[in-house]
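Colleague: I am new to this structure and would like a close look at a single part of it, together with whatever leads on from there. Please take it slowly, and explain the naming before you use it.

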Amino acid sequence: MLIGLDIDGTVLLQDETLSPGMFDAAAQAQSAGHEVLLATGRSWEGTRAVLAALDLSPEYVVCSNGAVIMKRSEGGIPAYRRFHTETFDPAQVLTLLHENVGDARYMVELADGRRLYTDAMDDWNLAEAQRVPFEQLGAQEVSRVVVVSPGHTEQDFVDLVHRIGLNEVSYAIGWTAWLDIAPRGVDKASGLELVRGWLGIDRADVLVIGDGRNDLGMFEWARDGGGRAVAMAQGPQEVRDAADETTLSVEEGGAAIVLTALGR
């Protein structure tokens, strides 16, 4: 099977430690011959440590909500290289957002993986990232734009997206006022479909697990192909409704329970 795991709220708890039973369950699934990979909104810089913590070595890793796919390099020690990257011109989107959410903090990920940001956030991994004036963010093509506005709510961002009409990009809204923007037509589903094709795995032999709105696309993709889409119990109702089934929460090790059951 091709098993796509979201990271935050699925594999990881809020304190960045693994969900109960996750390490053993992922190892068991990998040992059984399943391709267990991470499909995350995180950049590769924020993903690689999680992959190492799980001791997983899939051939591909889907990062940046599908805009970046990493491929395992040959050799004894697992190492990864940027294999597939989608980009877009962010200038118009950034201008539109800045006009409507002036106090937000912004980050962009460039095609080569470098990241530029305007103001730091406590939960951002800023390793090898560069702080720049807002005007420099839109100077070149990017694979993603991240917007965080502590002064706004999740619903504020939902309303904003509908009001300003982000029609030329793909976007996902996080639990807080967090907006993640990718090239049009790109999300976790598009990234996983590429991986599935490269590996030659049947559409029905797909299992995805997640808890956020950026998992809706991969849920629909899995279900449409006859695979399984599993939501975490703590996810929003919209996300749980989009899945085939709901497992226990991340605190209760819900994803590990699903993976362990595969071997029964």
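Modeller: The names come first: a helix here is a DSSP run of H or I with at least four residues, a strand is a run of E with at least two, and both are numbered from the N terminus. Please also bear in mind that this is a predicted model.

The part I would choose is helix α5, residues 188–199. With 12 residues at 1.5 Å a residue, α5 should span 16 Å, and its end C-alpha atoms are indeed 16 Å apart, so the expected and the modelled length agree. The residues of α5 that are buried, namely Lys188, Ala189, Gly191, Leu192, Val195 and Arg196, fall within an arc of 160° when seen down the helix axis, and therefore they line one face of α5. Among the elements that cover these buried residues are the strands β1 (2–5), β2 (35–38), β3 (60–63), β4 (68–72) and β12 (206–210), and also α6.

Two of those covering strands, β3 and β4, have a loop between them, and Asn65 lies in that loop. Most residues other than glycine have a negative phi. Asn65, however, has a positive phi, near 50°, and its relative accessible area of 5% is under the 20% cut-off, which means that Asn65 counts as buried. A positive phi, near 75°, is also found at Glu16, whose place is in the loop between β1 and α1 (22–31); Glu16, with a relative accessible area of 48%, is partly exposed.

The covering helix α6 (216–224) leads on to the second largest pocket, since α6, like α4 (154–164), β10 (169–173) and β11 (178–183), supplies at least two residues of that pocket's lining. The pocket holds about 300 Å³ of space, and of the 18 residues that line it, Tyr171, Ala172, Ile173, Arg213 and Leu216 are the closest to its centre. Strand β10 gives the most to this lining, with 4 residues, and the lining as a whole divides into 9 nonpolar, 5 polar and 4 charged residues.

A last residue to look at is Leu97, which has its place in helix α3 (residues 91–100) and, at 1% relative accessibility, counts as buried. Leaving aside residues up to four places away in sequence, Leu97 touches Gly102, Tyr106, Val147, Leu160, Ile164, Leu179 and Ile181.

Conventions
Residues numbered from 1 in each chain as written. Predicted model: local features only at pLDDT ≥ 70, side-chain atom pairs only at ≥ 80, totals over all residues. Heavy atoms only, no water. 1 Å grid on protein atoms, 1.4 Å probe; cavity = no way out; pocket = protein on both sides within 12 Å on 5 of 7 lines; lining within 4 Å. Points joined across faces, edges and corners; volume = space filled by probe spheres on them. Nonpolar A, V, L, I, M, F, W, Y, C, P; charged D, E, K, R; others polar. Expected span 1.5 Å × (residues − 1). Buried < 20%, exposed > 50% of the residue type's maximum accessible area, 1.4 Å probe, protein only. Arc of directions from axis to C-beta. Contact = heavy atoms within 4.5 Å.
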